[in-house]
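The questions below go through one chain, from its core to its loops. Each answer ends on what was asked.

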Amino acid sequence: KFVENALIPIYKEGDDGCIFQDGEVTTPKGWKEAYQAFCEAGWPGLSMPPKYGGQGMPYSLTLVKTELCATANWTWQMYPGLSMGCMETVQLHASEPLKDMFLPKLSSGEWTGVMDLTESQAGTDLNQVKTKAVPVGDGTYLITGEKIFISCGEHDMSENVVHIVLARLPDAPPGTRGISLFLVPKWIVGPDGELQKDKKNVQVSGIEHKMGIKGSSTCVCVFDQSVGYLIGRENKGLKHMFTFMNLAR
């Protein structure tokens, strides 16, 4: 019923594309409302553990849900689809405090997730990743660099966007063996769980003008000493990111 009543009617609106203005992205007409209905029905966390606000259902049901949504409106489905990869990556590789901080909101759909791999000088050659991560000393890191072709990297459908970012520590070895993985939220989460909206932690400088899947915002994401958190082990970031990549692909 959701697919028939919410996704199919707004399929053609996707061809109007997203609007980028002053660092903000507006999705096509009706898309935000469809996503809200999707969240209210409990679909984002269908297979997530109940301790994180999910329903704990078999992943086979999530696959059926995803297939139905993608068949009806592929471009819209990219937004919650990437969040699935984000949730899986955090659940499998992040620390318990990080899981507690981010998974409940991702499971409810209040926040969405994306992966940030590609850089302008590197393309698909991740050996050349130059984004840097400098430890602060309090368990956080300052992330500096630019990522391109980031699908759904900015939009108006959720309150926060959780970026899963490949970056290098100061003493990292060269090549893919020196890449670590970080969680970098668009808005920093305060100690009380509230979003600190005085300044964006991740900026978007533009979106691509494409021939297809126009409703999915393909962004240039800028990290300027953005606060991030290490996921998993140092210099094992590419291995951890394959959890996200394999699910998303």
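**Loops, helices and core**

Q: At 60% relative accessibility, does Lys199 count as buried or exposed, and what is the cut-off?
A: This is a predicted model. Lys199 has a relative accessibility of 60%. A residue counts as exposed over 50%, so Lys199 is exposed.

Q: Where does Lys199 lie?
A: Two strands flank this residue: β9 covers 195-196 and β10 covers 203-207. Lys199 belongs to neither strand but to the loop between β9 and β10.

Q: What distance separates the C-alpha atoms of Lys199 and His240?
A: Along the chain, Lys199 and His240 are 41 residues apart. In space, their C-alpha atoms are separated by 29 Å.

Q: How are α3 and α4 oriented relative to each other?
A: Helix α3 spans residues 59-72 and helix α4 spans residues 74-93. Their axes are 7 Å apart and meet at an angle of about 155°. Angles over 145 degrees count as roughly antiparallel, so α3 and α4 are roughly antiparallel.

Q: What is the handedness of the crossing of α3 and α4, and which residues of α4 make the contact?
A: The crossing of the two helices is left-handed. From α3, the contact uses Tyr59, Thr62, Lys65, Thr66, Cys69, Ala70 and Ala72. From α4, the contact uses Trp74, Gln77 and Met84.

Q: How many residues in the contact of α3 with α4 are nonpolar?
A: The contact of α3 with α4 includes three polar residues and one charged residue. The nonpolar residues in this contact number six.

Q: Which residues touch the most other members of the largest nonpolar core?
A: In soluble globular proteins, nonpolar side chains tend to be buried together. The largest nonpolar core here has 69 residues. Those touching the most other members are Trp76, Phe102, Ile164, Phe182, Leu183 and Met241.

Q: Which residues does Phe102 touch, not counting residues up to four places away in sequence?
A: Phe102 is among the residues that touch the most other members of the largest nonpolar core. With residues up to four places away in sequence left out, Phe102 touches Trp111, Val162, Leu183, Pro185, Val189 and Tyr229.

Q: What is the phi of Gln225?
A: Gln225 sits in strand β11, residues 218-231, and is exposed at 52% relative accessible area. Gln225 is a residue other than glycine, yet its phi is positive, near 55°.

Q: What is the phi of Asn235?
A: Asn235 lies in the loop between β11 and α6 (237-248). At 23% relative accessibility, Asn235 is partly exposed. Its phi is also positive in a residue other than glycine, near 65°.

Terms used:
Residues are numbered from 1 along each chain as its sequence is written. This is a predicted model: local features need pLDDT of at least 70, side-chain atom pairs count only at pLDDT 80 or more; totals for chains, interfaces and linings use all residues. Side-chain values use heavy atoms; hydrogens and water are left out. A nonpolar core is a set of buried Ala, Val, Leu, Ile, Met, Phe, Trp, Tyr and Cys residues joined through side-chain atoms within 4.5 Å. Buried means under 20% relative accessible area, exposed over 50%, partly exposed in between (1.4 Å probe, protein chains only). Contact means heavy atoms within 4.5 Å. Axes are lines fitted to C-alpha atoms, for helices over the stretch in contact, and angles run from 0 to 180 degrees between N-to-C directions. Helices (H or I, at least four residues) and strands (E, at least two) are DSSP runs, numbered from the N terminus. Angles under 35 degrees count as roughly parallel, over 145 as roughly antiparallel, 65 to 115 as roughly perpendicular and the rest as oblique. A crossing is left-handed if the near helix is turned anticlockwise from the far one by less than a right angle, and right-handed if clockwise. Ala, Val, Leu, Ile, Met, Phe, Trp, Tyr, Cys and Pro count as nonpolar, Asp, Glu, Lys and Arg as charged, and the others, Gly among them, as polar.
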